[in-house]
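Dear colleague,

Please find below the structure I promised to hand over, together with its sequence. My notes on what was found in it follow directly after.

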Amino acid sequence: MHECLDSKRGEDINNINLFEYLDDLGNRLKNLFSFPEANFIILLESATLQKNIPYAEGRSIGIVLTELLINVDQHAYPDESITPKWVEIQSFIKENVFYLSVSDRGRGVDKLPDGSLRSLSDGRGLKIVDDIVVRLLKGTIKWGPNNGGARFLISIPVIGISVKE
């Protein structure tokens, strides 16, 4: 993740290009997980994501994406009975909100009565996602069923983002 961040810094070392970073990070993460190439889909809306964002925000978004993919890899497909393994990443900016969606077709997840992502798992990964998105970046997290699997939708207000020149 840090290598991706550093490689996407331009002349302005305090900012990174969001589209280039997410594309590079998504493809690098794809190679780390046990998903067949054809079933790991990355859909980035380049027209809206061609923005420069502060390095710290990029790092936070990278951690969120990484933790969500680790969650899919470890929990969505606990055994070989659910095939084929499939994951999709979507990202775009609309009306000054950055959206990141990670979906799978694994064993699924239920929406908990209290709506808290922190209570969804005993593990640290989703708690890290909650801390970064809700507490640090002042965003929201929604999750629920997706074609038998799960979908996590992150939305973060666009702050400190400038159009790439």
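In what follows, contact means heavy atoms within 4.5 Å. Helix and strand axes are lines fitted to C-alpha atoms, for helices over the stretch in contact, and the angles between N-to-C directions run from 0 to 180 degrees. With these terms, helix α4 (residues 55-76) lies across β2, β4, β5 and β7, and its direction is at about 15 degrees to β5. Please bear in mind throughout that this is a predicted model.

Overall composition

The protein has 165 residues, of which 45% count as buried. Its secondary structure consists of five helices and eight strands, and from the N terminus on the order of elements is α-β-α-β-α-β-α-β-β-α-β-β-β. Among the contacts with a separation of 6 or more, 69% are between residues 24 or more positions apart. The accessible surface amounts to about 8,600 Å², and carbon and sulfur atoms contribute 49% of it.

The five-stranded sheet

An open sheet of five strands is present, with the order β2-β4-β5-β7-β6 and mixed pairing. The edges are taken by β2 (40-44) and β6 (140-146); each has a single partner strand, so one side of each is left without a neighbour in the sheet. On average, and with direction ignored, neighbouring strands of this sheet are turned by 10 degrees against each other.

Besides α4, helix α2 (residues 18-30) also lies across part of this sheet, where β2, β4 and β5 are the strands concerned. The direction of α2 is at about 180 degrees to β2.

Strand β5 and its two partners

How much of β5 is buried? Six of its eight residues are, so the strand is largely enclosed by the rest of the structure. Strand β5 pairs with β4 in the antiparallel sense over eight bridges. With β7 (residues 149-157), β5 is likewise antiparallel, over seven bridges.

Individual positions illustrate both pairings. Val97 in β5 stands opposite Lys94, while the bridge partner of Val97 in β7 is Pro157. Further along, Tyr99 has Ser155 as its bridge partner in β7.

The hairpin turn

Strands β4 and β5 form a hairpin with two residues between them. Glu95 is found in this loop, between β4 (87-94) and β5 (97-104), and Asn96 is found there as well. Although Glu95 is not a glycine, its phi is positive, at about 50 degrees. Asn96, not a glycine either, has a positive phi of about 60 degrees.

Are these turn residues buried or exposed? A residue counts as exposed if its relative accessible area is over 50%. Glu95 has a relative accessible area of 71% and is therefore exposed. Asn96, with 59%, is therefore exposed as well.

Aromatic and charged side chains

The structure holds one aromatic pair. The pair is formed by Phe92 and Tyr99, whose rings are stacked, with 4.9 Å from centre to centre and 25 degrees between the planes. Partly exposed is the class between the buried limit of 20% and the exposed limit of 50%. Phe92 falls into this class because its relative accessibility is 25%, and Tyr99 does so because its value is 22%.

A further side-chain arrangement involves a charge and a ring: the charged end of Arg105 sits over the ring of Trp86, 3.9 Å from the ring centre.

The loop around Ile82

Arg105 also features in the surroundings of Ile82, a residue in the loop between α4 and β4. Which residues does Ile82 contact, leaving aside its neighbours within four places in sequence? They are Ala76, Tyr77, Arg105, Gly106 and Arg107. Ile82 and Arg105 are 23 residues apart in sequence, and their C-alpha atoms are 8.4 Å apart in space. Ile82 itself is partly exposed, with a relative accessible area of 22%.

With kind regards

Note on methods. Residues numbered from 1 in each chain as written. Predicted model: local features only at pLDDT ≥ 70, side-chain atom pairs only at ≥ 80, totals over all residues. Heavy atoms only, no water. Helix = DSSP H or I, 4+ residues; strand = E, 2+ residues; numbered from the N terminus. Buried < 20%, exposed > 50% of the residue type's maximum accessible area, 1.4 Å probe, protein only. Areas by Shrake-Rupley, 256 points an atom, 1.4 Å probe, with all protein chains shown as cover. Pairing = 2+ DSSP bridges. Phe/Tyr/Trp six-rings, centres within 6.5 Å; stacked < 30°, edge-to-face > 60°. Lys NZ or Arg CZ within 6 Å of the ring centre and 35° of its normal.
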